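Work through the two exercises below with the structure open. Each task is followed by its solution.

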Amino acid sequence: MSSKVFFTNFRTTPENNQLDKLENLVRTAGIESIDFKDKYVAIKLHVGELGNMAYLRPNYAATLVRVIRSLGGKPFLTDANTLYSGHRSNAPDHMDTANCNGYSPMSTGAQFIVADGLKGLDFEAIPLNGQFCKAPKISSAIAQADILVSLSHVKGHEMTGFGGALKNIGMGSGSVAGKKEMHSNCNPIVDDDSCRGCGCCIAACSHGAISAGPDGKAVIDAGKCVGCGQCIATCQFGAARADGNERLDIMNCKIAEYAKATINGKPNFHVCIITDVSPECDCWNYNDVPIVPNIGMAASSDPVALDCACADLVNAAPVMDTSNSLTDSHSHEECADSHDHWTLLHPDTDWRSGVEHAEKIGLGTRDYELISI
Ligand code: SF4
Ligand code: SF4
């Protein structure tokens, strides 16, 4: 049986602006069917790394907060600490980043809480007995919330291929130890022939796992590497890369299992915004130009169906007629013919492995009905 995914484009009028349309979207998609009365509602989102400009504006979160308050809920905005260097790897830095990027209570109407505490150590092990993860380590504030609402930015991702609701919920709700578990199969390698010895990956690795060999080329110490993937995204020469697709597929499956543990039977609702579709994650301190024009907003009570619908909407869109990550390596004709921008963008990973596993474990269905409003 298919799941309904509701969609609205970005066309607006003075009487019906983008935020009006978002409110109408989530109400039409069924958010009001959840009993929010006096419930703690975790709105799982990503406040963006400092320097990134593709992350979602706080106005979207403010609209969700207003809707949830109108339904009697107690919403809070939340994310967990990161595994790599940057400005979100501990609670003080993460909260400073949230404020700098506009996620203040004044702009959103809700507090931003770092879900896994000061150093990323606060989690609850949720019994799942999954194929890959037996008891996912879900950040405490999210695990303890009564209701989960996800607000996700649709974009590419260097390790998962596609980033949407499952990535936001699964990887994003894992505590630092949980993120290590999800990344643990993904240790990268360095291709000596391609390595220029620039040292960027050495500076980017917050786990001290990379050093320069006698010839100046990068050498990874597998014993120290946690598989965070920062070196892969940092390397501009394609020299640092994943050690085989199968490992990244396992990470996608683990993310699906973490997403299931995050939801853990609680009422849940999901929103994806398809705007500024950057080739890589909002965790980076930069964002390359979008690969397709802005498309719209989608909502569903099924995160698997929602991800599939968003991925398909992007794949159906023409690649931007500007230089971007896709057109750097592929002609416009190739992009138009492939119908899979995500795989062209990140050929080392198969984004479908995540939604397939999510469906297999009962998180939702890939079969969706797109309802435009
Ligand atoms: S960033 Fe890439 S090219 Fe530079 S040292 Fe690391 S692997 Fe080599
Ligand atoms: S070597 Fe790469 S993947 Fe491993 S910890 Fe360092 S940056 Fe992360």
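**Exercise 1: a residue and its surroundings**

N252 is buried, because 28 other C-beta atoms lie within 10 Å and the cut-off for buried is 20 or more. The model used here is a predicted one.

Task: state which helix holds N252, and which residues N252 is in contact with, leaving aside its neighbours within four places in sequence.

Solution.
1. Place the residue: N252 is part of helix α10, residues 245–263.
2. List the contacts: with neighbours within four places in sequence left aside, N252 touches T160, S353, G354 and H357.
3. Look at helix α15, which spans residues 352–360. Its buried residues are S353, G354, V355, H357 and A358.
4. Compare sequence with space: 106 residues separate N252 and A358 along the sequence, yet their C-alpha atoms are 9.2 Å apart.
5. Go to what follows α15: G362, with a positive phi near 85 degrees.

**Exercise 2: two helices**

Task: describe how α6 and α11 cross, and sort the residues of their contact into nonpolar, polar and charged.

Solution.
1. Recall the description: two packed helices are described by the angle and the distance between their axes.
2. Apply it: the axes of α6 (residues 165–173) and α11 (residues 303–316) come within 8 Å and cross at roughly 130 degrees.
3. Name the arrangement: α6 is therefore oblique to α11.
4. Identify the residues: α6 contributes A165, L166 and I169 to the contact, and α11 contributes P303, L306 and D307.
5. Sort them: five are nonpolar, none is polar and one is charged.

Methods
Residues numbered from 1 in each chain as written. Chains lettered and ligands numbered in written order. Predicted model: local features only at pLDDT ≥ 70, side-chain atom pairs only at ≥ 80, totals over all residues. Buried ≥ 20, exposed ≤ 12 C-beta atoms within 10 Å, placed from the backbone. Helix = DSSP H or I, 4+ residues; strand = E, 2+ residues; numbered from the N terminus. Axes fitted to C-alpha atoms, helices over the stretch in contact; angles between N-to-C directions. Parallel < 35°, antiparallel > 145°, perpendicular 65-115°, else oblique. Contact = placed C-beta atoms within 7 Å. Nonpolar A, V, L, I, M, F, W, Y, C, P; charged D, E, K, R; others polar.
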